[in-house]
Amino acid sequence: MDITQKNYILYGAASIGNIVKDSLEKAGLKIIGYIDKRAYELPIYNNLPVWSLDTIPPKYINPDTVIYVSVKNVFEHEQIATMLYRKGFRQIIYKPYNVLLDYGSEAENIISKIYDNIFDGKNKKKK
């Protein structure tokens, strides 16, 4: 499946989520909502739904959904990614903890690079 046909959900409805949303939308990708632990306080953000981990519509827990962990504290990313994986998500973009400590595996460094490129807006839509 083409990346433009996938659904993107941002974990974290705040300032980092805004940056990532703009970057992904400029690349032509479809943001369908947010996951946030404060979903009960903030049901809508940027005109998109905000779900808690327990209220995500089951139709989005599938291989065509990509989750981007967009919380400021990168030391929480791996814990969040593990929680999302246990929920059933398999495509999760986050900043691996080992990369922060400068001894990430090859796979962790690739995930980190993808994370950084999206955050920096280097994920341009192919024509």
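**Exercise 1. A salt bridge in helix 1**

Which side chain meets Lys21 in a salt bridge, and what is the N to O distance?

*Solution.* This model is predicted.
Step 1: Find the partner. The side chain of Glu25 forms a salt bridge with that of Lys21, at 3.0 Å from N to O.
Step 2: Place the pair. Both residues lie in helix 1, which covers residues 15–26. They sit four residues apart, about one turn of the helix.
Step 3: Check the cover. Lys21 has a relative accessible area of 11%, so Lys21 is buried. Glu25 has 38%, so Glu25 is partly exposed.

**Exercise 2. The other salt bridges**

State how many salt bridges the structure holds, then describe the bridges of Asp36 and Lys95.

*Solution.* Step 1: Take the count. The structure holds three salt bridges. The bridge between Glu25 and Lys21 is one of them.
Step 2: Turn to Asp36. Asp36 pairs with Arg38, and their closest N and O atoms are 3.3 Å apart. Asp36 is buried at 8% relative accessibility. Arg38 is partly exposed at 33%.
Step 3: Turn to Lys95. Lys95 pairs with Asp116, with 2.8 Å between the closest N and O atoms. This pair links distant parts of the chain, 21 residues apart. Lys95 is in the loop between strand 6 (91–93) and helix 3, while Asp116 is in helix 4.
Step 4: Check the cover again. Lys95 is buried, with a relative accessible area of 11%. Asp116 is partly exposed, with 28%.

**Exercise 3. The overall fold**

Work out the pattern of helices and strands, then judge the compactness of the protein.

*Solution.* Step 1: Count the elements. The protein has four helices and six strands.
Step 2: Put them in order. Along the sequence the pattern is β-α-β-β-β-β-α-β-α-α.
Step 3: Compare with the globule rule. The radius of gyration is 14 Å, close to the 14 Å that the rule gives for 127 residues, so the protein is as compact as a globular protein of that length.
Step 4: Add the box. Along the principal axes, the C-alpha atoms fill a box of roughly 40 × 35 × 25 Å.
Step 5: Add burial. Of the 127 residues, 43% count as buried.

**Exercise 4. Two aromatic pairs**

Classify the ring pairs Tyr68–Tyr115 and Phe75–Tyr97, and say which parts of the chain each one ties together.

*Solution.* Step 1: Take the total. The structure holds four aromatic pairs.
Step 2: Classify Tyr68 and Tyr115. Their centres are 4.7 Å apart, with 10° between the planes. Planes under 30 degrees apart count as stacked, so this pair is stacked.
Step 3: Place Tyr68 and Tyr115. Tyr68 lies in strand 5 (residues 65–69) and Tyr115 in helix 4 (residues 106–119), so the pair ties together parts 47 residues apart in sequence. Tyr68 is buried at 1% relative accessibility. Tyr115 is buried too, at 6%.
Step 4: Classify Phe75 and Tyr97. The ring centres are 6.0 Å apart and the planes stand at 65°, so the pair is edge-to-face.
Step 5: Place Phe75 and Tyr97. Phe75 lies in the loop between strand 5 and helix 2 (77–87), and Tyr97 in helix 3, so this pair ties together parts 22 residues apart in sequence.

**Exercise 5. A nonpolar surface patch**

Name the residues of the nonpolar patch and compare the exposure of Phe75, Tyr97 and Leu100.

*Solution.* Step 1: List the members. Phe75, Tyr97, Leu100, Leu101 and Tyr103 form the patch on the surface. Together they have about 490 Å² of accessible area.
Step 2: Read the exposure. Phe75 is exposed, with a relative accessible area of 53%. Tyr97 is partly exposed at 35%. Leu100 is partly exposed at 31%.
Step 3: Place Leu100. Leu100 lies in helix 3, residues 97–100.

**Exercise 6. Positive phi and a charge over a ring**

Describe the backbone at Asn46 and Asn47, then find the ring under Arg90.

*Solution.* Step 1: Read phi. Asn46 has a positive phi of about 55°, although it is not a glycine. Asn47, also not a glycine, has a positive phi of about 60°.
Step 2: Place Asn46 and Asn47. Asn46 lies in the loop between strand 3 (44–45) and strand 4 (48–51). Asn47 is found in the loop between strand 3 and strand 4.
Step 3: Check exposure. Asn46 is partly exposed at 32% relative accessibility. Asn47 is exposed at 74%.
Step 4: Find the ring. Arg90 lies over the face of Tyr85, 3.7 Å from the ring centre.

Notes
Residues numbered from 1 in each chain as written. Predicted model: local features only at pLDDT ≥ 70, side-chain atom pairs only at ≥ 80, totals over all residues. Heavy atoms only, no water. Patch = residues over 30% accessible without salt bridge, like charges linked within 9 Å, V, L, I, M, F, W, Y side chains within 5 Å. Areas by Shrake-Rupley, 256 points an atom, 1.4 Å probe, with all protein chains shown as cover. Salt bridge = Lys/Arg side-chain N within 4 Å of Asp/Glu carboxyl O. Buried < 20%, exposed > 50% of the residue type's maximum accessible area, 1.4 Å probe, protein only. Phe/Tyr/Trp six-rings, centres within 6.5 Å; stacked < 30°, edge-to-face > 60°. Lys NZ or Arg CZ within 6 Å of the ring centre and 35° of its normal. Rg over C-alpha atoms; globule rule 2.2 N^0.38 Å.
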